[in-house]
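This report walks through one protein model step by step, for a reader who is meeting such descriptions early on. Please keep the sequence and the structure in view while reading.

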Amino acid sequence: MTDWLNVGKIVNTHGIHGEVRVISRTDFQEERYSTGNTLYIKTENERLPVTVAKWRQHKQFDLITFEGFDNVNEVEKFKGSLLQVDATTLQDQLAEDEFYYHQIIGLHVETVDGRLVGTVKEILSPGANDVWVIAPAEKGKDILIPYIESVVKSILLEENKVIIEPMEGLLDG
């Protein structure tokens, strides 16, 4: 059985020549979306293999054209679909202290003094550094944690947890 990883979501079409607008969920856009790579479009009913013909970035989106899809009418049906890769296609080695999103999402977050903060539910990439969205352990709004050295002290995959040292005001509701 194959494990599938979400690398992006098709949120719209772009122009009239079959380009799709993607919000990425991968740190490796250059590799994932390089010409000739196979991605899979996960629709409600199927997982369709597609080959990347072109990729470029525009504002906060990735714009991708797939081989054989040259018209907006052919890709319109993919709006809202996920882009996936087979987990076996992952890079073999990440540098030390680098992690895949799927390794971080679901980890419990604790402060250095052992207080449970919540669970990582999403990772955003707005700019200079990633921001982790934490579902709080107690009722309340999501907590946003910047993935920076001064806040994230250690990631313990074997223990299913992350240790943070929150900056002043970071955990205030």
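## How pockets are found

On a 1 Å grid over the protein atoms alone, a pocket is an open set of points with protein on both sides within 12 Å along at least five of seven lines, whereas a cavity is a set of points where a 1.4 Å probe fits but cannot get out; lining residues are those with an atom within 4 Å of a point. Rolling a probe the size of a water molecule over the atoms shows where empty space is left.

The model is a predicted one, in which local features need pLDDT of at least 70 and side-chain atom pairs count only at pLDDT 80 or more, while totals for chains, interfaces and linings use all residues. Residues are numbered from 1 along each chain as its sequence is written, and side-chain values use heavy atoms, with hydrogens and water left out.

## The protein as a whole

The protein has 3 helices and 12 strands, where helices (H or I, at least four residues) and strands (E, at least two) are DSSP runs numbered from the N terminus. Its C-alpha trace spans about 55 × 35 × 30 Å along the principal axes.

Of the 173 residues, 37% are buried, a word that here stands for under 20% relative accessible area, with exposed meaning over 50% and partly exposed in between (1.4 Å probe, protein chains only). Among the contacts with a separation of 6 or more, 47% join residues 24 or more positions apart, and a contact means heavy atoms within 4.5 Å.

## The closed barrel

Six strands form a closed barrel that runs E1-E2-E5-E4-E3-E6, with antiparallel pairing; two strands are said to pair if DSSP finds at least two bridges between them. From one strand to the next the twist averages 50°, an angle taken between N-to-C directions on a scale from 0 to 180 degrees, with axes that are lines fitted to C-alpha atoms (for helices, over the stretch in contact).

Strand E3 (residues 38-42) is joined to E6 by 3 bridges, and the two run antiparallel; in this pair, Ile 41 has Leu 83 of E6 as its bridge partner. Ser 81 lies in the loop between helix H2 (72-75) and strand E6 (82-86), and Ser 81 counts as buried because its relative accessibility is 6%. Leaving out residues up to four places away in sequence, Ser 81 touches Gly 8, Lys 9, Ile 10, Ile 41, Lys 42 and Thr 43.

## The open sheet

A second group of 6 strands makes an open sheet with mixed pairing, in the order E10-E9-E8-E7-E12-E11. Strand E10 (143-146) and strand E11 (152-156) are the edge strands, each pairing on one side only, and neighbouring strands of the sheet are turned by 35° against each other on average, direction ignored.

How do the strands beside E12 run? Strand E7 (residues 108-111) is parallel to E12 and joined to it by 4 bridges, whereas E11 is antiparallel to E12, also with 4 bridges. Both faces of strand E12 (residues 161-164) are covered, since Lys 161 and Ile 163 on one side and Val 162 and Ile 164 on the other are all buried.

At one edge of the sheet, E10 is joined by 4 bridges to strand E9 (residues 131-136), which runs antiparallel to it. Ile 145 sits in strand E10 and, with 1% relative accessibility, counts as buried. Apart from neighbours within four places in sequence, the contacts of Ile 145 include Val 131, Trp 132, Ile 164 and Leu 171.

## The two largest pockets

The largest pocket holds about 830 Å³ of space, a volume being the space filled by probe spheres set on grid points that are joined across faces, edges and corners. Its lining has 33 residues, and Ser 24, Arg 25, Thr 26, Tyr 101 and Ile 123 lie nearest its centre. Strand E1 gives the most to this lining, with 6 residues.

The lining of the largest pocket divides into 16 nonpolar, 9 polar and 8 charged residues; Ala, Val, Leu, Ile, Met, Phe, Trp, Tyr, Cys and Pro count as nonpolar, Asp, Glu, Lys and Arg as charged, and the others, Gly among them, as polar. The second largest pocket holds about 300 Å³ and is lined by 15 residues, with Pro 136, Glu 138, Lys 141, Ile 143 and Leu 171 nearest its centre; that lining divides into 7 nonpolar, 2 polar and 6 charged residues.
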